[in-house]
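Subject: Structure handover

Hello,

Here is the structure I said I would pass on. Please open it beside this email and follow along.

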Amino acid sequence: MSATTTLRQRKDANTSETATRDGETTVGKVKKLIYHYSELPEWQKDNDKILNGYVRETQSMVKCLKSLTYFHNESVNIYTHLIPSATYLVLLMFFTDVILIPHFPTTTMSDYIMINFYLLGAFVCLMCSTCFHCLKQHSEAHSNIWSKVDYMGIIVQISCSTVSLLYYGYHDHLFYFKVFTIITVVLGSCCSAFVLNDRFNAKNWRICRAAFFVCFAFSGIVPVLAGIAKFGLAESLQRVQVKYVTLEALFYLSGALVYGFRIPETFAPGKFDFVGHSHQIFHVLVVAGSICHFRAVMGSYFFMHTGKLGSHLLTLG
Ligand SMILES: [Zn+2]
């Protein structure tokens, strides 16, 4: 046996894949952590335009949590929501009453509660999404549960967003505030019943899911239009901060389109496996939308107490 042959055999032994008893694969002596689409169990095959970088079914919460420590095709999805979620929690716990919310003589406890109520909704939504993307690799049963948690988080955020802005926008028209809040709660409850149904999670329902959440989120336009009819455009621009709400709507709408039509990986399968695929873009746009809403709520609060536009509040761009 020549020296070259021995060397090649050693190299083959180091790179050959071996299936272990617990379903893991080793390459040489190293455990394989990420897999190709074709190596996944059927239930994990969702997006055939993302070819590589998968964490294969782990059957272990610990292994799911360990996936936070290496880079795979869900890492960007996880951290784009984990970091803003933690930030909202820190703001909510320690900073809203100290720095973020300017105090006016007419400021009440309810004003603080409603701003924090919005931040709580944003925190819950982003944290539910983080858990889903991190823990869905456990098994099909866990994935189904966490996907419902993810959808419920979106419903919580849409509801908290609408109610918080209604509170400031209609602070002097309690009847409108009550009517629109009741409508939001009823719609949110109906949506919850719908998303908790197993059929909603079906793979071929992706575009329907995107359209569904867009419709629920855009139901928030009704109170804005009612405000324009009642107070006129100029005052509504300040009361419900139409500028920021419009920007927020554009972010959510473009996010839903990107998610629904799987842009850009549909045009170049395999090119956006780790960074830049549709779900990641969708996540970033959701966070951008939530920041716009926070700005809108703050502006609306400022207008409620001063009758002026809060030009020195957190400004975007
Ligand atoms: Zn997501």
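Below is what was found in it, starting with the whole chain and ending with some single residues.

This is a predicted model, in which local features need pLDDT of at least 70 and side-chain atom pairs count only at pLDDT 80 or more, while totals for chains, interfaces and linings use all residues. Residues are numbered from 1 along each chain as its sequence is written, and side-chain values use heavy atoms, with hydrogens and water left out.

The whole chain

The protein chain contains 11 helices and 3 strands. Here helices (H or I, at least four residues) and strands (E, at least two) are DSSP runs, numbered from the N terminus. Along the sequence the order is α-β-β-β-α-α-α-α-α-α-α-α-α-α. Of its 317 residues, 47% count as buried. Buried means under 20% relative accessible area, exposed means over 50%, and partly exposed lies in between (1.4 Å probe, protein chains only).

The chain exposes about 16,100 Å², and carbon and sulfur atoms supply 69% of that area. Accessible areas come from the Shrake-Rupley method with a 1.4 Å probe; for residues, only the protein chains shown count as cover. Among contacts with a separation of 6 or more, 66% are between residues 24 or more positions apart. A contact means heavy atoms within 4.5 Å.

Annotated regions

The UniProt record, an unreviewed entry, gives "transmembrane region" for residues 78-101, 113-135, 151-170, 176-196, 208-229, 241-261 and 281-304. UniProt positions are in the numbering used here, feature names are shortened, and annotations may be inferred rather than shown by experiment. Two of these spans can be compared with the model. Residues 151-170 are 95% helix and 0% strand, with their end C-alpha atoms 28 Å apart. Residues 281-304 are 100% helix and 0% strand, and their end C-alpha atoms lie 35 Å apart.

The zinc ion

Which protein donors does the zinc ion have? They are His133 (NE2), His279 (NE2) and His283 (NE2), lying 2.1 Å from the ion. Donors are N, O and S atoms within 2.8 Å of the metal (3.2 Å for Na, K and Ca); water is not among the atoms, so sites may look incomplete. The spacing of the donors along the chain is H-x145-H-x3-H.

The unreviewed UniProt entry lists His133, His279 and His283 under "binding site". They are spread over 151 residues of sequence but cluster in space, with a largest C-alpha distance of 11.3 Å.

His279 and His283 sit in helix 11 (residues 278-306); because they are 4 residues apart there, about one helical turn separates them. Both are buried. His133 is in helix 4 and, at 1% relative accessibility, is buried too. Leaving out residues up to four places away in sequence, His133 touches Glu74, Asn77, Ile78, His279 and His283.

Helices 4 and 7

Helix 4 (residues 109-135) has 27 residues and should span 39 Å at 1.5 Å a residue; its end C-alpha atoms are 38 Å apart, which agrees. The expected span of a helix is 1.5 Å times one less than its number of residues. Of the 27 residues of helix 4, 19 are buried, so this helix is largely enclosed by the rest of the structure.

Helix 7 (residues 206-218) has 13 residues and reaches 18 Å from its first C-alpha to its last, close to the expected 18 Å. Its buried residues are Arg206, Arg209, Ala210, Phe212, Phe213, Val214 and Phe216. These pack against helix 5 (140-169), helix 6 (174-195) and helix 10 (242-260).

One residue on the helix 6 side is Cys191, which is buried at 7% relative accessibility. Cys191 touches Ile155, Phe212 and Phe216, not counting residues up to four places away in sequence. Cys191 and Phe216 are 25 residues apart in sequence, and their C-alpha atoms are 7.9 Å apart.

Aromatic rings

How many aromatic pairs does a search of the whole structure find? The search finds 17. Rings of Phe, Tyr and Trp (its six-membered ring) pair if their centres lie within 6.5 Å; planes under 30 degrees apart count as stacked, over 60 as edge-to-face and the rest as tilted. In one pair, the ring centres of Tyr167 and Phe177 are 6.0 Å apart and their planes are at 75°, so the pair is edge-to-face. Tyr167 is in helix 5 and Phe177 in helix 6, 10 residues apart. Tyr167 is buried, with a relative accessible area of 16%, and Phe177 is buried at 17%. Both belong to one aromatic cluster with Phe104, Tyr168, Tyr301 and Phe302.

Regards
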